[in-house]
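The following exercises concern a single protein chain and are to be worked with the sequence and coordinates at hand. Each task is followed by a solution that proceeds step by step.

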Amino acid sequence: MGLPVARWGLLSAATLLLLLGGCAGSSSHSLRLFYTLVMGSSQDVPRYIVVAYVDDQLAANFDTPTRRLLPQMAWLHKMDDEDDSHFWDHSSWRVSTIERMFKTELAILRSHHNSSRGIHSWQRVIGCDLSKDGHKSGVYQYGYDGEDFISLDQKTLTWTAVDIRAQVIKRRWEAEPFLTQRRNNFLEQECIRLLQKCMMYGKESLLRIEPPVVKVTRRTQYNGLETLVCTVYGFYPKEIDATWRKNGEVWEQDTFRGGVLPNSDGTYHAWLSIEVDPKERDRYRCYVDHAGFPEPLIVAWEEPDFVPNMGLVGGVVGVVVTTVCIAAGVIVYIKKWGRNEYRMASASI
């Protein structure tokens, strides 16, 4: 029986964006592990999904038929060859063990919420961030039925319950301080060590710098205004600062932004637009600051190098059409002349 995807999306959209883009600054890196268990009625087969991301790039996923956690980046195989010969075996075993724990926890939640029927999901996101200056942070968060449920506060080592339904879990977990401490130790120690290994083995990919290509285009609006669009694409790492400026000052008024999104080649693209009076168009510039630039790039809209003269184009087209028509007439005349000559020749024979 199929399971509707809408019921088991990874937490809320806002939370997912924060978790995937958790690194602040171009010199920070992150590791995220997403676990999702979906269960329905007794006839439904539970679905267990696990994916790992390094700097929001898919690094590994759990293959249910083989019960294996499979690396999705070539450099991750080095973790078996050069560091721990049983790294992937051990990781696969841990992921399988967590599935059994998830089934127990989800069954408890369904009984507490009197929701034994229908499809329900239990999710966990854990991970850590490491900046160049050594600052560390982590996230340990759970979701129930696609919504935020409970999360760990690392400063107080307490659990933050989103609503009254999560209070039962909060009291049970805080009654076992050893459990909370162990989870926090994972964030501060094991997760950081794993992230550092990823940075070492995948440095050619994760530490590369590709500067963006920046282009400004414009289009006319129905109300007489214009929209200037600054497109930034093909850059890595993801962190970038792009703003519209009027006379050198940041101008957020009437500015619209698209999110920083991935390309198929592992780079990113983004855009930001602004509505302007055509008379003031020359006062606006797109400022882009990225690790690939020694200093911010400043780009203004420029008139295209070649703008077709429609009168000239029309004249050329007219000449071409006239020439084609004349040629066609000549061909028809020649064909008719040839047939007449043939008839005359036949009659004379």
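In the protein chain, residues 24 or more positions apart account for 56% of the contacts with a separation of 6 or more, where contact means heavy atoms within 4.5 Å. The model is predicted, so local features need pLDDT of at least 70 and side-chain atom pairs count only at pLDDT 80 or more, whereas totals for chains, interfaces and linings use all residues. Residues are numbered from 1 along each chain as its sequence is written, and side-chain values use heavy atoms, with hydrogens and water left out.

**Exercise 1. Overall composition**

Determine how many helices and strands the protein chain has, and what share of its residues count as buried.

Solution. Step 1: the elements are DSSP runs numbered from the N terminus, with helices (H or I) of at least four residues and strands (E) of at least two. On this basis the protein chain has seven helices and 17 strands.

Step 2: buried means under 20% relative accessible area, exposed over 50%, and partly exposed in between (1.4 Å probe, protein chains only). Of the 349 residues, 37% count as buried.

Step 3: the protein chain exposes about 20500 Å², of which carbon and sulfur atoms supply 58%. Accessible areas come from the Shrake-Rupley method with a 1.4 Å probe; for residues, only the protein chains shown count as cover.

**Exercise 2. The sheet and its helices**

Establish the strand order of the open sheet of eight strands, and identify which strands helix α3 and helix α5 touch.

Solution. Step 1: two strands pair if DSSP finds at least two bridges between them. The order is β4-β3-β2-β1-β5-β6-β7-β8, and the pairing is antiparallel. At the edges stand β4 (68-71) and β8 (158-161), each of which pairs on one side only. On average, neighbouring strands of this sheet are turned by 20° against each other, direction ignored. Axes are lines fitted to C-alpha atoms, for helices over the stretch in contact, and angles run from 0 to 180 degrees between N-to-C directions.

Step 2: strand β1 (residues 29-39) and strand β2 (residues 47-54) run antiparallel and are joined by eight bridges. Within this pair, leucine 33 stands opposite alanine 52 in β2.

Step 3: helix α3 (residues 87-112) packs on the sheet and touches β1, β2, β3 (57-63), β4, β5 (120-130), β6 (136-144) and β7 (147-153). The direction of α3 makes about 135° with that of β5. Helix α5 (residues 177-201) also packs on the sheet, touching β1, β2, β5, β6, β7 and β8, and its direction makes about 60° with that of β5.

**Exercise 3. An edge strand**

Describe how β7 joins β8 and how the side chains along β8 are arranged.

Solution. Step 1: β7 and β8 run antiparallel and are joined by four bridges. Alanine 161 in β8 is the bridge partner of isoleucine 150.

Step 2: the hairpin of β7 and β8 has four residues between the strands, and leucine 157 takes a positive phi near 55° there.

Step 3: in a regular strand the side chains alternate between the two faces of the sheet. Along β8, Trp159 and Ala161 point to one face and are buried, while Thr158 and Thr160 point to the other and are not.

**Exercise 4. Cysteine pairing**

Count the disulfides, locate their partners, and explain why cysteine 198 has no bond to cysteine 128.

Solution. Step 1: a disulfide is taken as a pair of cysteine sulfur atoms within 2.5 Å. The count comes to two disulfides, in the pattern 1-2, 3-4 with bonded cysteines counted along the chain.

Step 2: cysteine 128 is joined to cysteine 191 with an S to S distance of 2.2 Å. This pair links distant parts of the chain, cysteine 128 in strand β5 and cysteine 191 in helix α5, 63 residues apart. The link is left-handed, with -90° about the S-S bond. Cysteine 128 is buried at 0% relative accessibility, as is cysteine 191 at 2%.

Step 3: cysteine 230 is joined to cysteine 286 at 2.1 Å, S to S. Cysteine 230 lies in strand β10 (residues 226-235) and cysteine 286 in strand β16 (residues 284-289), 56 residues apart. The torsion about the S-S bond of this pair is about -75°, so the disulfide is left-handed.

Step 4: the closest cysteine sulfur to that of cysteine 198 is in cysteine 128, and because the distance is 9.1 Å, the two are too far apart for a bond. Cysteine 198 is buried, with a relative accessible area of 3%.
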